[in-house]
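Student: I would like a close look at a single part of this model, the open sheet, and then an account of how the rest of the structure is arranged around the chains and domains. Please take it step by step.

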There are 2 protein chains.
Amino acid sequence: MKIKVARCAGFCFGVKRAINIAESALKELKGRDRIYSFGAIIHNPQVVEELFKKGLRVINNLEKIKGGTVIISSHGAPLETVEDIKRKGIKLIDATCPFVKYAQNIVKDLKKDGYEIIIVGDSAHPEVKALKSIAGKNKKSKKIGVISQTTQNKENYINEIKKILNRDFSEVKIFNTICNDTSKRQSATRRLLEDCDLMIVIGGKNSANTKRLWQICKESGVDSFHVETEPEVNKNWFNGKKRVGITSGASTPDSMVKKIIERIRRF
Amino acid sequence: MKIKVARCAGFCFGVKRAINIAESALKELKGRDRIYSFGAIIHNPQVVEELFKKGLRVINNLEKIKGGTVIISSHGAPLETVEDIKRKGIKLIDATCPFVKYAQNIVKDLKKDGYEIIIVGDSAHPEVKALKSIAGKNKKSKKIGVISQTTQNKENYINEIKKILNRDFSEVKIFNTICNDTSKRQSATRRLLEDCDLMIVIGGKNSANTKRLWQICKESGVDSFHVETEPEVNKNWFNGKKRVGITSGASTPDSMVKKIIERIRRF
């Protein structure tokens with residue numbers, strides 16, 4: 001049995017950056033100040049657990065928070081949250097991924113210019129919630145601006161755009177806000193699928209980009225499993241399989257990929 | 001046999017305006033100055049013939065023109081033509097349709113902002129030739145601006161846009177430059193087709209919007225004929241037909257529609 005790992009494994013730029021920001025803050029402030037992250041700083045429970053051990057507490061609202069430092073997660077935070085933090089005099093560190101920030105700035109411009117804003121993505125995901133809060137109350141318009149969650153897959157995005165084009169518009173501005181890492185990871189996964197009879201997708205069960213990879217794998221018809229940690233990997237999946245592919249999300253540590261490969265090798 | 005005429009028959013706004021401009025100029029200048037139109041002022045040979053009798057000469061280049069007045073047709077003219085007219089000290093009257101002008105201004109803005117410009121339309125049509133000359137030499141870019149010939153049909157336009165979305169873009173700006181009259185005339189024709197077993201499309205053989213109407217009629221499966229004048233209407237077309245629809249292009253005079261209906265009634 002051969003094991004092949006997709007190119008582009010390891011943390012993406014925005015995840016690496018957010019972890020570095022959190023670790024620097026923890027080093028600098030630990031013992032002197034309480035440090036919170038607003039939402040999971042990245043969507044990988046094992047990494048969040050490691051940071052918890054170092055002192056980073058995850059919060060989902062600011063109700064009980066009276067002081068200390070709040071780190072905005074890589075996915076960004078709603079406008080109201082940022083305003084609340086400032087109003088309460090809490091120290092703010094912004095770990096929003098620069099590609100998410102780029103999408104946020106597009107939304108600001110579209111709003112200023114009076115466009116109806118359509119965000120293609122998962123409305124329950126923190127990135128989309130933040131974008132929605134910036135877009136504010138939407139009004140219908142014949143001038144339409146369209147952006148995508150940074151971890152969307154391009155085919156889904158284009159299908160949604162096609163629906164919008166059927167509307168009676170005067171202008172449609174479409175921005176490709178799918179980040180480069182997402183596109184590359186999806187392409188690498190697609191290439192790997194051509195040469196595999198089993199695919200293991202490694203990453204947070206709450207990770208949007210990992211879920212997209214798994215969607216692509218399932219749609220290809222190749223047997224595919226999404227796991228977060230090595231104990232989830234089941235020996236039976238490998239019966240009769242000859243070529244196993246491994247792909248992982250933008251917030252999956254290399255160490256986890258290694259652990260899982262070692263476990264598969266032991267079968 | 002019943003005859004039904006599509007709503008929205010008669011000249012469109014831009015055609016009416018161009019004819020008025022030409023007639024005013026002819027009234028004012030005739031005998032005192034030579035008056036030319038650069039290209040047919042509208043795409044209806046019978047109307048052009050009427051204006052010829054009143055003194056309007058159609059030219060297709062400026063080579064032999066040394067003085068007088070040149071009227072830019074409703075479809076607009078290439079930048080170089082306008083510059084030539086000015087350089088030669090010839091008087092210029094602009095009868096470009098305001099909706100075509102709107103598309104021209106969008107092209108100017110896109111060019112200024114560094115967009116690759118895609119014009120969806122018939123490259124041999126004077127409107128598109130003028131738009132192309134304003135766009136100038138196109139360079140490939142990930143920022144793409146898309147406009148349509150004002151007389152395009154929306155389905156064709158959207159099909160072309162879909163192809164563009166498959167490209168690797170950072171931004172696509174799509175402008176609906178199909179004029180309102182074109183959309184309304186196409187919708188009225190579609191509605192009429194539902195209730196007809198024969199359709200007569202009246203208008204210039206060189207008229208883009210009339211040709212689009214005819215395309216829509218042919219695609220519907222209803223027997224359809226495109227005529228410019230009443231002698232072209234053939235009695236045999238009406239054998240066994242019960243409900244005849246009449247539709248006409250934006251540059252077709254009401255008088256021609258009436259003449260054709262009278263001829264059909266006589267069968």
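Tutor: In this predicted model, the open sheet of chain A is built from four strands in the order β1-β11-β9-β10, and the pairing is parallel. At its edges stand β1 (2-5) and β10 (223-227) of chain A, each of which pairs on one side only, and from one strand to the next the twist averages 20°. At the β10 edge, strand β9 (residues 198-202) of chain A pairs with β10(A) in the parallel sense over five bridges, and within that pairing M199(A) stands opposite S224(A) of β10(A).

Chain B lets one follow the strand β11 in some detail. Strand β11 (residues 243-248) of chain B has five of its six residues buried, so it is largely enclosed by the rest of the structure. Strand β1 (residues 2-5) of chain B pairs with β11(B) in the parallel sense over four bridges, and there the bridge partner of V5(B) in β11(B) is I246(B). Strand β9 (residues 198-202) of chain B also pairs with β11(B) in the parallel sense, over five bridges, with S248(B) of β11(B) as the bridge partner of I202(B).

To place the sheet of chain A within its chain, one can turn to the domain assignment, which divides chain A into domain 1 (2-10 + 180-266), domain 2 (13-96) and domain 3 (99-174). The C-alpha centres of domain 1 and domain 2 of chain A lie 29 Å apart, and the contact between these two domains takes 12 residues from domain 1 of chain A and eight residues from domain 2 of chain A. On the side of domain 1 of chain A that touches domain 2 of chain A, the residues divide into three nonpolar, seven polar and two charged.

A helix of chain A offers a view of burial at the level of single residues. In helix α2 (residues 45-53) of chain A, V47(A), V48(A) and L51(A) are buried, and because they cover an arc of only 100° around the axis, they lie on the same side of α2(A). As general background, an α-helix has 3.6 residues a turn, so residues three or four places apart point the same way. On the other side of α2(A), E49(A) and K53(A) are exposed. The cover over the buried residues of α2(A) includes α1 (13-29) and β3 (56-59) of chain A, while G55(A), which follows α2(A), has a positive phi, near 115°.

The contact between the two chains completes the picture. This contact takes 12 residues from chain A and 12 residues from chain B. On the side of chain A that touches chain B, α6 (154-165) and β8 (171-175) of chain A each supply at least two residues, and the largest share, five residues, comes from β8(A). The residues on that side of chain A divide into seven nonpolar, two polar and three charged. Strand pairing also crosses between the chains, since five bridges join β8(A) to strand β8 (residues 171-175) of chain B, and these two strands run antiparallel. One pair within this arrangement can be named, for the bridge partner of E171(A) in β8(B) is F175(B).

Definitions and conventions
Residues numbered from 1 in each chain as written. Chains lettered and ligands numbered in written order. Predicted model: local features only at pLDDT ≥ 70, side-chain atom pairs only at ≥ 80, totals over all residues. Contact = placed C-beta atoms within 7 Å. Nonpolar A, V, L, I, M, F, W, Y, C, P; charged D, E, K, R; others polar. Pairing = 2+ DSSP bridges. Domains from an automatic or database assignment. Axes fitted to C-alpha atoms, helices over the stretch in contact; angles between N-to-C directions. Buried ≥ 20, exposed ≤ 12 C-beta atoms within 10 Å, placed from the backbone. Arc of directions from axis to C-beta.
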